[in-house]
Amino acid sequence: MNVFMDCPEKAPHFRCVWCEHPSDSLFVRYTSSVVKLQSCGNCGNHVDQYVEYDHLGIFLDILLQKREAYRHVLFNSGHKILWRFLLVVVMADAYANWISWRAKDSEFSEALSVDLLEWEFQKRLLNSALVHLLFLLSSALIGCGRHWLLRKNGSSKVTTSFGFFLNGMIVSLFAVVLKVPAVIWTTSSQLPYSMFWGCWVLQLISSRQVYSILSHTAALEAFLTVACLMGSCLVLQFYLVQ
């Protein structure tokens with residue numbers, strides 16, 4: 001498989017995954033069969049070695065929280081606003097919460113009619129959409145504001161738009177989709193909800209990583225900001241379903 005075909009050859013927005021220095025290209029094509037990775041003019045490393053990786057390899061490095069893999073997805077993958085992925089995230093979160101509620105109150109849920117069960121799912125779907133939109137908008141607003149202050153003070157020369165920041169935070173929600181198999185496996189085996197909360201912790205770590213990269217803030221500051229936002233959204237979500 002020619003993985004170089006998954007990435008455009010030249011674009012003005014490419015950045016080195018090691019130092020975030022801008023680059024005009026990710027690789028140099030000498031002939032149709034001879035291709036060489038582009039070297040960064042700032043740090044000397046390959047601009048983006050992940051153009052040689054398949055999607056599984058990139059995903060595994062993201063699970064391992066490698067910042068270079070995050071930078072590849074955020075800066076060099078050429079994705080647009082991921083509204084379809086956000087829809088999948090919202091539906092997965094709503095379904096996981098609905099399954100968890102049915103497993104917790106199995107006798108009560110089994111006595112409900114199909115219409116009431118459908119209403120409970122729709123209520124959690126609207127709840128999930130509201131909570132995730134609130135988290136994305138607030139994190140993008142705070143992150144862009146923090147980044148603007150850094151640029152004003154001369155600490156950063158890279159411009160990050162609100163839409164780009166919002167798109168990056170959508171990428172960080174991939175852990176939400178893992179709630180569905182986690183809840184199903186937990187329910188079927190009667191294990192504690194450690195897998196469910198493990199997905200929440202993974203979401204916290206990945207959101208902190210993306211926030212730190214896009215806003216150019218320290219890891220501790222990014223963690224505290226994201227943790228406060230996610231904690232507030234979790235409390236709101238719990239309050240709305242009552």
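Two residues are in contact when heavy atoms of theirs lie within 4.5 Å. Keep that in mind as you work through these exercises on a predicted model.

**Exercise 1. Get an overview of the chain: what are its elements, and how far along the sequence do its contacts reach?**

Step 1. Start with the secondary structure: you'll find 10 helices and four strands.

Step 2. Now read along the sequence. The pattern is β-β-β-β-α-α-α-α-α-α-α-α-α-α.

Step 3. Turn to the contacts with a separation of 6 or more: 63% of them join residues 24 or more positions apart.

Step 4. Finish with burial. The chain has 242 residues, and 44% of them count as buried.

**Exercise 2. Work out which residues of helix α6 are buried.**

Step 1. Find α6 at residues 162-171.

Step 2. Use the cut-off: a residue is buried if its relative accessible area is under 20%. Seven of the 10 residues in α6 pass, so the helix is mostly covered.

Step 3. Name them: Phe165, Leu166, Asn167, Gly168, Met169, Ile170 and Val171.

**Exercise 3. Explore the largest nonpolar core: which residues touch the most other members?**

Step 1. Here's a bit of background. In soluble globular proteins, nonpolar side chains tend to be buried together.

Step 2. The largest nonpolar core here has 37 residues, and those touching the most other members are Ile62, Phe135, Leu136, Phe165, Met169 and Leu173.

Step 3. Ask which elements give two or more residues to this core. They are α1 (55-63), α2 (67-76), α3 (83-104), α5 (114-152), α6, α7 (174-177), α9 (194-215) and α10 (219-240). The most comes from α9, with seven residues.

Step 4. Don't miss the second, separate core: it has eight residues, including Leu26, Leu37, Cys40 and Val51.

Step 5. Zoom in on Phe135. Setting aside neighbours within four places in sequence, Phe135 is in contact with Met169, Leu173, Ser207, Val226, Leu229, Met230 and Cys233.

**Exercise 4. Describe how α5 packs with α10, then with α6.**

Step 1. You need two values for each pair. Two packed helices are described by the angle between their axes and the distance between the axes.

Step 2. For α5 and α10, the angle is about 155 degrees and the axes are 10 Å apart. Angles over 145 degrees count as roughly antiparallel, so α5 is roughly antiparallel to α10. The crossing is right-handed.

Step 3. Look at who makes this contact. Among the residues are Leu134, Phe135 and Arg146 of α5, and Glu221, Val226 and Leu229 of α10. By class, the contact of α5 with α10 has 11 nonpolar, six polar and two charged residues.

Step 4. For α5 and α6, the angle is about 130 degrees, with the axes 9 Å apart. That makes α5 oblique to α6. α5 passes α6 in a right-handed crossing.

Step 5. On the α5 side you'll see Phe135, Leu136, Leu137, Ser139, Ala140, Leu141, Gly143 and Cys144, which meet Phe162, Phe165, Leu166, Met169 and Ile170 in α6. This contact of α5 with α6 divides into 11 nonpolar, two polar and no charged residues.

**Exercise 5. Place Leu178: where is this residue, and what is it in contact with?**

Step 1. Leu178 is in the loop between α7 and α8 (179-189).

Step 2. Its relative accessible area is 31%, so Leu178 is partly exposed.

Step 3. Leaving out neighbours within four places in sequence, Leu178 is in contact with Cys199 and Leu202.

Step 4. Compare sequence with space: Leu178 and Val89 are 89 residues apart in sequence, and their C-alpha atoms are 9.4 Å apart.

Note on methods
Residues are numbered from 1 along each chain as its sequence is written. This is a predicted model: local features need pLDDT of at least 70, side-chain atom pairs count only at pLDDT 80 or more; totals for chains, interfaces and linings use all residues. Side-chain values use heavy atoms; hydrogens and water are left out. Buried means under 20% relative accessible area, exposed over 50%, partly exposed in between (1.4 Å probe, protein chains only). A nonpolar core is a set of buried Ala, Val, Leu, Ile, Met, Phe, Trp, Tyr and Cys residues joined through side-chain atoms within 4.5 Å. Axes are lines fitted to C-alpha atoms, for helices over the stretch in contact, and angles run from 0 to 180 degrees between N-to-C directions. Angles under 35 degrees count as roughly parallel, over 145 as roughly antiparallel, 65 to 115 as roughly perpendicular and the rest as oblique. A crossing is left-handed if the near helix is turned anticlockwise from the far one by less than a right angle, and right-handed if clockwise. Ala, Val, Leu, Ile, Met, Phe, Trp, Tyr, Cys and Pro count as nonpolar, Asp, Glu, Lys and Arg as charged, and the others, Gly among them, as polar.
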